[in-house]
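Reader: I'd like to go through this model feature by feature. Could you give me the general idea each time, and then the case here?

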Amino acid sequence: MTTEIQPLFSYTGHLPECPTWSAHEQALWWADILKCQIHRYTIANGDHQVLQFPEEVGCFALCKQGGLIVAMRHAIWLADKDGRLVQKICDNPNNPAWARFNDGGTDARGRFYAGTFWGPGDYNGALLMRIDNDLSPRVIQCDIQGHNGLAFSPDGRWMYTSDTPNAVIWRAPLDKNGEPGPREVFRRFGKGEGVPDGAAMDVEGCYWSALYDGFRIARFSPDGEQLLEYRLPVRCPTMLCFGGPNMKTVFITTTRENMQQDELTARPLSGAIFMLEAPVAGMPKPEFYHTK
């Protein structure tokens, strides 16, 4: 690997999101939301598989029991390893005509989180919900316009989220059971900085954010100070995760959604997945664990 950013392979999607590393498979998974797909790419042999779903896949997680938990526009489902829907868990608590599921992930207890994105953009109509290990759903945050940036500190003290249209990263304290308290501002972004999209956490407790419309990803200290940035050859990164044999490879998804042809001609790698070698290892994404 190199500290220079380079494409993972010759792929460009429409709206790639939710990169997820499988240590067992040594493979990268991701969703292409608007193509209603989940992809799997095995690093060693270049095998690329695509699972097709009936509607937009905002986020997903690998399941400890096998298969996937998938948050689509109308509902959250369990699916098998081939993408067949097996069990409906719950409906989208937002109006799915206006708010599809977006960013999500898991916590150290193997619970699944999925936030929504309020399409009209006229007020903070989105939310964040959690699926507990017994498959019970619960809304845990509201007053969001576009949920993104879910991550948890290594010591279990903080849950981080971002609201992309409002250009802010939040953090909320967690109690001993992992329940979030009132959120507080971690960092706000000004004009020209980009806005915080998807994120990941490293083992030193630093928060890595994909800065949409900012041509970059950045690493922030637990106090919100920017420590590093990596510039991209495309304008809109969407999310990142850590992976690779030593968990120091950063995989970065990007988008070409709503881009005009002149920008795509100038930046043809928009929608590609990039990778780089980080100076510190990242936290793995736990698998979703359910008891039913």
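Author: Let's start with an acidic residue: Asp 143 has a relative accessible area of 44%, so it is partly exposed. The scale runs like this: buried is under 20% relative accessible area, exposed is over 50%, and partly exposed is in between, using a 1.4 Å probe and protein chains only. Before we go on, this is a predicted model, where local features need pLDDT of at least 70 and side-chain atom pairs count only at pLDDT 80 or more, while totals for chains, interfaces and linings use all residues. Residues are numbered from 1 along each chain as its sequence is written, and side-chain values use heavy atoms, with hydrogens and water left out.

Reader: Which residue forms a salt bridge with Asp 143?

Author: The general idea is that side chains of opposite charge can pair when their charged atoms come close. The cut-off for a salt bridge is a side-chain nitrogen of Lys or Arg within 4 Å of a carboxyl oxygen of Asp or Glu. Here the partner is Arg 183, with the closest N and O atoms 3.6 Å apart. Asp 143 sits in strand 13 (residues 137-144) and Arg 183 in the loop between strand 16 (168-173) and strand 17 (184-188), so the pair ties together parts that are 40 residues apart in sequence. Strands here are DSSP runs of E, at least two residues, and helices are runs of H or I, at least four, numbered from the N terminus. Arg 183 is partly exposed too, at 24% relative accessibility.

Reader: How many salt bridges does that rule give?

Author: The count comes to 22. One of them joins Arg 84 and Asp 80 at 2.9 Å, N to O, and Arg 84 is exposed at 51% relative accessibility. Another joins Arg 267 and Glu 263 at 3.4 Å; Arg 267 is partly exposed at 26%, whereas Glu 263 is buried at 13%. There's also a network of salt bridges linking Asp 107, Arg 111, Arg 130, Asp 132, Arg 138 and Glu 179.

Reader: What does Thr 106 contact, setting aside its sequence neighbours?

Author: Contact means heavy atoms within 4.5 Å. Leaving out neighbours within four places in sequence, the contacts of Thr 106 include Ala 61, Arg 111, Phe 112, Leu 150 and Pro 286. The Thr 106 side chain reaches the backbone oxygen of Pro 286 at 2.5 Å. Thr 106 belongs to strand 10 (residues 99-106) and is buried, with a relative accessible area of 11%.

Reader: Which residues have the most contacts inside the largest nonpolar core?

Author: A nonpolar core is a set of buried Ala, Val, Leu, Ile, Met, Phe, Trp, Tyr and Cys residues joined through side-chain atoms within 4.5 Å. The largest one here has 31 residues, and those with the most contacts inside it are Ile 38, Ile 69, Ile 76, Phe 112 and Ile 131. Among the elements giving it two or more residues are strand 3, strand 6 (57-62) and strand 7 (68-72). Apart from it lies another core of 29 residues, among them Phe 9, Tyr 230, Val 234 and Phe 242.

Reader: Which phi sign does Gln 26 have, positive or negative?

Author: Most residues other than glycine have a negative phi. Gln 26 has a positive phi of about 50°, and lies in the loop between strand 2 (16-22) and strand 3 (27-32). Asn 258 also has a positive phi, about 60°, in the loop between strand 23 (249-254) and helix 1 (261-266). Gln 26 is partly exposed at 29% relative accessibility, while Asn 258 is exposed at 67%.

Note on methods. Polar contact = N/O pair within 3.5 Å; in protein donor to acceptor, adjacent residues only side chain to side chain.
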